[in-house]
Amino acid sequence: MKKISIAVLAGDGIGPEVMDSALQVLERVGHRIHRQFVARHYPAGAQNYLDTGESLPESTLAACRAADAILFGAMGLPHVRGKDGTEIIPQLDIRFALDLYAGVRPVRTWPGLPVPLSDPRATEIDLVLIRENTEGLFYARGRGIVEADVAYDTQKISRLGTTRIVDFALNLARERAQKGRPGKVTNVDKANVFASMAFWRQIFEDRAKQFPDIRTESAYVDAMALNLVLKPWQFDVLVTENMFGDILSDLIASLVGGMGMAPSGDIGDHHGLFQPAHGTAPDIAGQGVANPTAMILSAAMMLDWLAVRQDDAELAVGAKAIEQAVQSAFASQAVRPREFGGASGTADITRAVLERL
Ligand code: ATP
C-alpha cells in the first residue's frame, strides 16, 4: 500500500484534541482509498517552550521539511510570552522558515447548521480568502523599533511576494470556475493611503491582464469589512496582505458560524501545512467540547493538495469522502456543535464523521 508521511504538530490547548479526531478520520479514509498515512508527532508550541526553552525545535522543522505534508493543531497560550512580551507563535515561524506564502482560508455554509446572517442568500456563502503569509505588516515581527516615546513596525510589500500570491489567487479562481464558481478575484488593499499598497494594487492589475477569463476587482479593506457582512455571497476568491488577511479570516469564519468550522492551508512551492483557522481556545481546552470540524476539513484540504502534488487521484477521492461525511453528519442533524447551540462534543462529532466514512 502506498505510504504518505505526515508530520504532526498537535501543539497546545485544544490542538491535540482536534488533531486526534483528524488522525482517526485519516486512518479510516486511508482504508477506503488504499493509502497508508504514516503520522509522526513532533514537539512544538508554548508548552514545549516552557518545558525546553524551544517553541519550534530545529529537529521538528527538519521533520516537516522531510514529510510529504504537515498537519498542525494550534499553538500558543496566553500566559506564555517571549522576552519582548509577544506570544509564542511557532506557526508564524514555520510559515517563514518553509516559505509557506499562501494562506488559504475557505469558508462555506453547511446544510443543517444555522447561518448567522438572516438573509436567505447567506446559505450560498462559498468563498476563499488568500492571505499573503510571508511579508506585509507581519514582516515587522521581531524587527520593531521601540524608542523612548515612539515605536515603529514597517510593512514590506515586494514585487516577487505580491506577484506569486496574486497568481495563486487567480489560478485558484480559474480552478474553482471549472467547478461552477463564478471565477472572480477581489483584491483587498488600502491603496488610497499607503504607497506600499498602491504598489501592490498595480501588480494585481498587471497580473490580472494575464487571466482574461477571470473577473477582477479591487476594494479597500474598510469597505470590504462592511461588504463581507452585508453581502458575502457575492464573493468568490479574495486576495490580500498578511495583516488584513489575519483580521478578515476571523471575520469570514464568523459568517459561517464559528472558528470550529474554518479549515486552512499554508502552502508554498515545496511544502504544505494544514491547520484549523482557530487558535488553542484555552477557555474550553481539556473539556472535550471543541468542534473538530475545522481540523478534519484541514486534513481533507491536505489530501486535495497532495492529490495534485503526487498526481494521485485517489487522494482527491479521499478528500471528497471526508467532506461528504462532514456534510451528511450535519445535514442529518445527527450532531450539532456547541458553537451552534448544540450539545455535541469532540468525540460525538468525530464518531458521526467516522460512521459515514
Ligand atoms: P489565536 O490568536 O491563536 O487565533 P484566539 O485566542 O484569538 O487564538 P481562539 O483560540 O481561536 O482565539 O478562540 C476564540 C474563541 O473561539 C474562543 O471562545 C474559543 O473557545 C472558540 N473556539 C475556537 N476554536 C474552537 C473550536 N474548535 N470549537 C469550539 N470553539 C472554538
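1. The largest cavity in this predicted model is lined by Arg108, Thr109, Trp110, Leu113, Pro114, Val115, Val256 and Phe340. By class, that lining comprises six nonpolar residues, one polar residue and one charged residue. The space inside the largest cavity comes to about 40 Å³, and a search of the whole structure, with a threshold of 30 Å³ or more, returns one cavity.

2. The largest pocket should be treated separately from the cavity, and its volume is about 1,400 Å³. Its lining is made up of 39 residues, and those that lie nearest its centre are Leu172, Glu175, Arg176, Lys179 and Asp304. The elements that contribute two or more residues to this lining are β4, β5, α5 (159-178), β11, α9 and α10. In terms of residue class, the lining of the largest pocket holds 22 nonpolar, four polar and 13 charged residues.

3. Turning to the ligand, the residues that surround it are Ile14, Met259, Gly260, His278, Gly279, Thr280, Ala281, Asp283, Ile284, Ala290, Asn291 and Glu339. Sorted by class, this shell consists of five nonpolar, five polar and two charged residues.

4. Which atoms of aspartate 283 and asparagine 291 should be inspected beside the ligand? For aspartate 283, a polar side-chain atom lies 2.9 Å from an oxygen atom of the ligand, whereas for asparagine 291 a backbone N or O atom lies 2.9 Å from a ligand nitrogen atom. Threonine 280 also enters through its backbone, with an N or O atom placed 3.3 Å from an oxygen atom of the ligand. The ligand taken alone exposes 620 Å², and the protein buries 61% of that area.

5. Threonine 134 deserves a look at the level of its side chain, and its place is in the loop between β5 (126-132) and β6 (145-146). Is this residue buried or exposed? Threonine 134 counts as buried because its relative accessible area is 10%, which falls under the 20% cut-off. Its side chain makes a polar contact of 2.7 Å with the side chain of glutamate 132, and a further polar contact, at 3.4 Å, joins the side chains of threonine 134 and arginine 164.

6. Two aspartates call for a check of their backbone angles. Aspartate 99, although it is not a glycine, has a positive phi of about 55°, and the residue lies in the loop between α4 (90-97) and β4 (102-108). Aspartate 311, likewise a residue other than glycine, has a positive phi near 50°, and its position is in the loop between α9 (293-309) and α10 (313-331). As for accessibility, aspartate 99 is partly exposed, with a relative accessible area of 32%, while aspartate 311 counts as exposed at 72% relative accessibility.

7. Glycine 265 belongs to strand β11, which runs over residues 263-267, and β11 is also among the elements that give two or more residues to the lining of the largest pocket. With a relative accessible area of 0%, glycine 265 is buried. Between glycine 265 and alanine 22 the sequence separation is 243 residues, and the distance in space, C-alpha to C-alpha, is 15 Å.

8. Threonine 60 sits in helix α3, which covers residues 58-66, and this threonine is buried, with a relative accessible area of 0%. How far apart are threonine 60 and serine 118 in sequence and in space? The two residues are 58 residues apart in sequence, and their C-alpha atoms are 45 Å apart in space.

9. Aspartate 206 is part of helix α6, made up of residues 195-208, and at 34% relative accessibility this aspartate counts as partly exposed. Along the chain, aspartate 206 and threonine 163 are 43 residues apart, and a distance of 9.3 Å separates their C-alpha atoms.

How values were computed:
Residues are numbered from 1 along each chain as its sequence is written. This is a predicted model: local features need pLDDT of at least 70, side-chain atom pairs count only at pLDDT 80 or more; totals for chains, interfaces and linings use all residues. Side-chain values use heavy atoms; hydrogens and water are left out. A residue is near a molecule or strand if one of its heavy atoms lies within 4 Å of it. A polar contact is a pair of N or O atoms within 3.5 Å; within protein, one must be able to donate a hydrogen and the other to accept it, and residues adjacent in sequence count only if both atoms are side-chain atoms. Accessible areas come from the Shrake-Rupley method with a 1.4 Å probe; for residues, only the protein chains shown count as cover. Ala, Val, Leu, Ile, Met, Phe, Trp, Tyr, Cys and Pro count as nonpolar, Asp, Glu, Lys and Arg as charged, and the others, Gly among them, as polar. On a 1 Å grid over the protein atoms alone, a cavity is a set of points where a 1.4 Å probe fits but cannot get out, and a pocket is an open set with protein on both sides within 12 Å along at least five of seven lines; lining residues have an atom within 4 Å of a point. Grid points are joined across faces, edges and corners, and a volume is the space filled by probe spheres set on the points. Helices (H or I, at least four residues) and strands (E, at least two) are DSSP runs, numbered from the N terminus. Buried means under 20% relative accessible area, exposed over 50%, partly exposed in between (1.4 Å probe, protein chains only).
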